[in-house]
Amino acid sequence: GVYPSDIDYGDEYVMRSVPDEWHSAVEVLHEHGYDTKAVLGSSYFRRMTGAFQGFQSIEHGPEFRPPRSWVVDRAEEHLRTLAAAQTPFVLWLHTFAVHAPYLWGGLPSRFGTRPIDQYDTEIALMDAEFRRLLDAIHANNLDDNTVVMLLSDHGEAFGEHGTYYHSRSLYTEEIAA
């Protein structure tokens, strides 16, 4: 492990990229026979270097914000193939869906008009996609030997401590999700 400040992933940060000599957990799993795939729900990550070491295949979203269902649609296809192969696998999915600006594509908010209401609507929409993913794991008889981890890279602030959204403070609202 390394400190997050040692990793660079975009033009907006003045840090180095992930060096090739760093050995990722995915590389170790691949070396031990795991099939390793990544599906990234945005074209945003195309500019990253070194962060996907060890992945045999990486699919980036066809645009900055593809349809919310795109990642799970791709995952369903991969799960069918991986189940048929009967080999251990890592399938990393990144949705990029619950991210400001919210409710892109003109969707209405389920909870109100405030930004936090729109955020909550995005979370509800992502919950439905996560359910689809769990259903696909079950449909491919993978639920007895599959570990599912749900992670977030940050939370959002909605006026707490005078900050909004993320990357502006180190308060819990922004660094934990």
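N141 lies in the loop between α3 and β4 (157–158), where helices (H or I, at least four residues) and strands (E, at least two) are DSSP runs numbered from the N terminus. The phi angle of N141 is positive, about 55 degrees, although N141 is not a glycine. At 66% relative accessibility, N141 counts as exposed; the classes are buried (under 20% relative accessible area), exposed (over 50%) and partly exposed (in between), with a 1.4 Å probe and protein chains only.

The model is predicted: local features need pLDDT of at least 70, side-chain atom pairs count only at pLDDT 80 or more, and totals for chains, interfaces and linings use all residues. Residues are numbered from 1 along each chain as its sequence is written, and side-chain values use heavy atoms, with hydrogens and water left out.

**Backbone features**

Q86, in the loop between α2 and β3, also has a positive phi of about 55 degrees without being a glycine. With a relative accessible area of 73%, Q86 is exposed. The peptide bond from A100 to P101 is cis, with omega near -5 degrees, and P101 is found in the loop between β3 and α3. Most residues other than glycine have a negative phi, and most peptide bonds are trans.

**Packing of α2 and α3**

Helix α2 (residues 70–85) and helix α3 (residues 115–139) pack at an angle of about 10 degrees, with their axes 10 Å apart. Axes are lines fitted to C-alpha atoms, for helices over the stretch in contact, and angles run from 0 to 180 degrees between N-to-C directions. The angle makes α2 roughly parallel to α3, a class that covers angles under 35 degrees. Contact (heavy atoms within 4.5 Å) is made by V72, D73, A75, E76 and L79 of α2 and by E129, R132, L133, A136 and I137 of α3. By class, the contact has six nonpolar, no polar and four charged residues. Here Ala, Val, Leu, Ile, Met, Phe, Trp, Tyr, Cys and Pro count as nonpolar, Asp, Glu, Lys and Arg as charged, and the others, Gly among them, as polar.

**Salt bridges**

The structure holds nine salt bridges, each being a side-chain nitrogen of Lys or Arg within 4 Å of a carboxyl oxygen of Asp or Glu. Three of them are listed here.

| Pair | Closest N to O distance |
|---|---|
| D35 and K37 | 3.5 Å |
| R68 and E122 | 2.8 Å |
| R132 and E76 | 3.2 Å |

Both D35 and K37 are buried, and both R68 and E122 are buried. R68 sits in the loop between β2 (57–60) and α2, and E122 in helix α3, 54 residues apart. R132 belongs to helix α3 and E76 to helix α2, so their pair ties together parts that are 56 residues apart in sequence. R132 is partly exposed at 23% relative accessibility, and E76 is partly exposed with a relative accessible area of 23%. D73, E76, E129 and R132 are linked in a network of salt bridges.

**Nonpolar cores**

A nonpolar core is a set of buried Ala, Val, Leu, Ile, Met, Phe, Trp, Tyr and Cys residues joined through side-chain atoms within 4.5 Å. The largest has 14 residues, and those with the most contacts inside it are V39, L79, F89, L91, L133, I137 and L142. The elements giving two or more residues to this core are α2, β3 (89–94) and α3; α2 gives the most, with seven residues. Apart from this core lies another, of nine residues, among them V26, L40, Y44 and F96. Leaving aside neighbours within four places in sequence, I137 is in contact with L79, L142, D143, T146 and V148.

Technical notes: Parallel < 35°, antiparallel > 145°, perpendicular 65-115°, else oblique.
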